Every structure is written in structure tokens, then in C-alpha cells.
Amino acid sequence: MPRSPWRCSWSISGQGGDLVVDVTGAVRRPGVYRMPAGSRVDDAVTRAGGPIGKAELEAVNLAARLADGQQVVVPARPATGATAAAATAEEGPIGLGTATAEQLEEIDGIGPVTAGDIIKFRDEHGGLSSVDQLDRVPGIGPATMEALRARLQP
């Protein structure tokens, strides 16, 4: 049987093993990417250069499997007064005695629960005189302590 001269150069999802997804929002290189079948949202975000600093990754299920034609949106944190103050704080240390939960969450390794635990610990102990006292807060390990030392002042 002779071959047809009209061969298709693209594949239908499921036949070529590739998916095409649109990654947009708070990533370094938004765009349309071809991904291997079975890829996860995390793979697509990584392919798009990873999240930018204001990305709100907690709003994205990074473990979800990708589907052909899917749009992955990585939202950015809203620019509120507290968040704007946190962005300014990146230029210098944050005051441990006055840090808001939003400011603490800007530090690598600190999420909403740990930020709340830090504020609760601070309030229960009448303030803190040293960043080192935070090693008594549950969930704060050595790597997080290093990030805290770099970003906080008593």
C-alpha cells in the first residue's frame, strides 16, 4: 500500500506521549510548553523558570497531573499594605517584635502555620530578645533558623 504524501507532523494527545500546556502568572517565563505525558503541575512551573518571589504557590496543586490543553495559573500575592511592607523589608531585616504574619511568610521556609506559631510564641513570652529563641517553636529546624537569622532582628 503506498504512503500518503500528506503526513501529519503533530500528534493528538495520547498518541505522541506529549501534552501542551499554557503556564502563566507569577512564573519567570510564562508561555506554552510541550511536556511529557504524566507530567505534574510542578514540572510545568519548573519548565517555565520557576515561581517568582510574589508567587502564591499554596493556591496551586503542584502534585496534580497535567492534561493536554490545560492552563496552569500561578497567582501572585495581592499587593496589600502588609505585603508591600514585607517587600520593602526584603531590603533589610524585619523587626521580630513587630513582624506581621505576612512579613514572616516572606521568609523561606515560613508558611502561614509557622508564622502564626512564631507570633503566638512571641506573645506568650512577652516578646523575644533574640532570634535564637525561635528554635523552641515547633516546626522550626536548622535551615529555617538560618533563614530567620538572615531576615530578622530582635
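Two strands are taken as paired if DSSP finds at least two bridges between them. In this predicted model, strand β1 (residues 18-25) and strand β3 are joined by four bridges. The two strands run parallel. Within this pairing, Thr24 has Val73 of β3 as its bridge partner. Gly25 is partnered by Val74 of β3.

The β1-β3 pair belongs to an open sheet of three strands, ordered β2-β1-β3. The pairing in this sheet is mixed. Strands β2 (31-36) and β3 stand at the edges and each has a single partner strand, so one side of each lacks a neighbour in the sheet. On average, neighbouring strands of the sheet are turned by 30° against each other, direction ignored.

Strand β3 spans residues 71-74 and has two unlike faces, one covered and one uncovered. Val72 and Val74 make up the covered face. Gln71 and Val73 lie on the uncovered face. Side chains in a regular strand alternate between the two faces of the sheet. Of the two bridge partners named above, Val74 is thus placed on the covered face and Val73 on the uncovered one.

The sheet is set in a protein of five helices and five strands. Along the sequence, these elements follow the pattern β-β-α-β-α-β-α-α-α-β. The protein has 154 residues, of which 32% are buried. Among contacts with a separation of 6 or more, 40% link residues 24 or more positions apart. The accessible surface comes to about 9300 Å². Carbon and sulfur atoms account for 53% of this surface.

Definitions and conventions. Residues numbered from 1 in each chain as written. Predicted model: local features only at pLDDT ≥ 70, side-chain atom pairs only at ≥ 80, totals over all residues. Heavy atoms only, no water. Buried < 20%, exposed > 50% of the residue type's maximum accessible area, 1.4 Å probe, protein only. Contact = heavy atoms within 4.5 Å. Areas by Shrake-Rupley, 256 points an atom, 1.4 Å probe, with all protein chains shown as cover. Axes fitted to C-alpha atoms, helices over the stretch in contact; angles between N-to-C directions.
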